[in-house]
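Student: Could you take a close look at the pockets of this protein for me, and explain carefully what lies around them?

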Amino acid sequence: MKMEDVGAKERTERVAIATCRVRMQPRTLELIRRGKVEKGNVLEAARLAAVMAAKKTPEVVPLCHPIALTGVTADVTAEARGVEIRVQVKTVDRTGVEMEALTGACAAALTVYDMLKSQERGMVIERVQLEHKSGGRTGTWRR
């Protein structure tokens, strides 16, 4: 195993977007919408978790480069089937931010689960996926 040497690569703007969903029963979703979750505001906590996790990615993903993030945006919304999560991460650096976006999305989903597990243990974290990446040698990719 080794961490790739990116020292000779040019710094370029890089963006990655990851998404996922926490599927839950309608009654659990209604608690979020009405602001009746005992632990507090689920959507805001998940947004914060996404930003914090994106910044800490190299500490939890082996061989992931520590890079300076220039922006992290987390959209966490209550939709028809559950909570939808979209995390966008930006940098100007020598390597991409796909892992940071995916880690942020997963942390947001885990936060939703944690805050609601007393109401429903059968929630499902699903569809964790990269939607977009741009910058670097391989250019732009879209799902």
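Tutor: In this predicted model, the largest pocket (an open set of points on a 1 Å grid where a 1.4 Å probe fits, with protein on both sides within 12 Å along at least five of seven lines) is lined by 13 residues, where lining means having an atom within 4 Å of a point. Nearest the centre of this pocket lie Leu63, Cys64, His65, Thr95 and Gly96. Residues are numbered from 1 along each chain, and side-chain values use heavy atoms without hydrogens or water. Local features need pLDDT of at least 70 and side-chain atom pairs 80 or more, while the totals for linings use all residues.

The space in the largest pocket comes to about 220 Å³, a volume filled by probe spheres set on the grid points. Sorted by class, the lining of the largest pocket holds 5 nonpolar, 3 polar and 5 charged residues, with Asp, Glu, Lys and Arg counted as charged and Gly among the polar ones.

Turning to the second largest pocket, its volume is about 180 Å³, and of the 13 residues that line this pocket, Arg14, Gly96, Glu98, Lys133 and Thr138 are the closest to its centre. Gly96 is thus named for the centre of the largest pocket and for that of the second largest. Strand E1 (12–23) and strand E4 (124–134) are the elements that give two or more residues to the lining of the second largest pocket, strands being DSSP runs of E with at least two residues. By class, the lining of this second largest pocket has 2 nonpolar, 6 polar and 5 charged residues.

Key. Helix = DSSP H or I, 4+ residues; strand = E, 2+ residues; numbered from the N terminus.
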